[in-house]
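Please open the structure in your viewer and keep the selection tool at hand. The tour goes from one selection to the next, with a short account of what is there at each stop.

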Amino acid sequence: MNHRIVVAFEKQSLDSIGLNVHLRRCIRAVLEAQELPVPCEINVLVTDNMGIQAINRVSRDKDEATDVLSFPMFDFVPGELPEDLSPYLDEQTGLLPLGDMAISLERAREQAKAFGHSTKREIGYLTIHSILHLLGYDHLDEGSMKRQMRAKEEEILKKIDLPR
């Protein structure tokens, strides 16, 4: 499916091209796993700790850096997209605008080191996690919602060869 995935880097680096490809691969894996019947639009900002802290401060009134932020366009039920998505499609593009995400590359590198796995795996996890949020998944409780989201994350990570 021809999704529109717009990736913007606040700071270009030597690995920007590889990271762009990796982000797109992870996003497409989530959309495929969720069997979206229409092409989607997702915007991704790759930033650092200062950049994500500024976004977190403005959008959530939390003056701290975090790893990833998700800004869903719609309030979907996890795993239960409406049968008729036509009311949600952008009239001009025909795409389903799922929303935006911001990811701190700096934080992802820190967490990868702390967890003892690769930065590629950490970025993959954070990307998948964020896109699932755009699709209605959440982990506010420590019960069934969180287990549902974690199971879906692990399923997708295994499909793209990024297991724990």
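On this tour, contact means that heavy atoms lie within 4.5 Å. Keep in mind throughout that the model is predicted.

Begin by selecting His 133, which has its place in helix H4, residues 119-134. With a relative accessible area of 16%, His 133 is buried, because buried is the word used for anything under 20%. Now add the residues that His 133 is in contact with, leaving aside its neighbours within four places in sequence: these are Ser 70, Pro 72, Asp 138, His 139 and Met 149.

Next, turn to the largest pocket, which has a volume of about 730 Å³. It is lined by 30 residues, and His 133 appears again among those closest to its centre, together with Val 68, Ser 70, His 129 and His 139. To see which elements give two or more residues to this lining, select helix H2 (49-60), strand E3 (68-72), helix H3 (105-115) and H4; of these, H4 gives the most, with six residues. If you colour the lining by residue class, you should find twelve nonpolar, nine polar and nine charged residues.

Finally, leave the pocket and select Asp 61, in the loop between H2 and E3. Asp 61 has a positive phi of about 60 degrees although it is not a glycine, and it is exposed, with a relative accessible area of 70%. The last stop is Asp 161, in the segment after helix H5 (144-159). For Asp 161, phi is positive at about 60 degrees, although this residue is not a glycine, and its relative accessible area of 65% makes it exposed.

How values were computed: Residues are numbered from 1 along each chain as its sequence is written. This is a predicted model: local features need pLDDT of at least 70, side-chain atom pairs count only at pLDDT 80 or more; totals for chains, interfaces and linings use all residues. Side-chain values use heavy atoms; hydrogens and water are left out. Helices (H or I, at least four residues) and strands (E, at least two) are DSSP runs, numbered from the N terminus. Buried means under 20% relative accessible area, exposed over 50%, partly exposed in between (1.4 Å probe, protein chains only). On a 1 Å grid over the protein atoms alone, a cavity is a set of points where a 1.4 Å probe fits but cannot get out, and a pocket is an open set with protein on both sides within 12 Å along at least five of seven lines; lining residues have an atom within 4 Å of a point. Grid points are joined across faces, edges and corners, and a volume is the space filled by probe spheres set on the points. Ala, Val, Leu, Ile, Met, Phe, Trp, Tyr, Cys and Pro count as nonpolar, Asp, Glu, Lys and Arg as charged, and the others, Gly among them, as polar.
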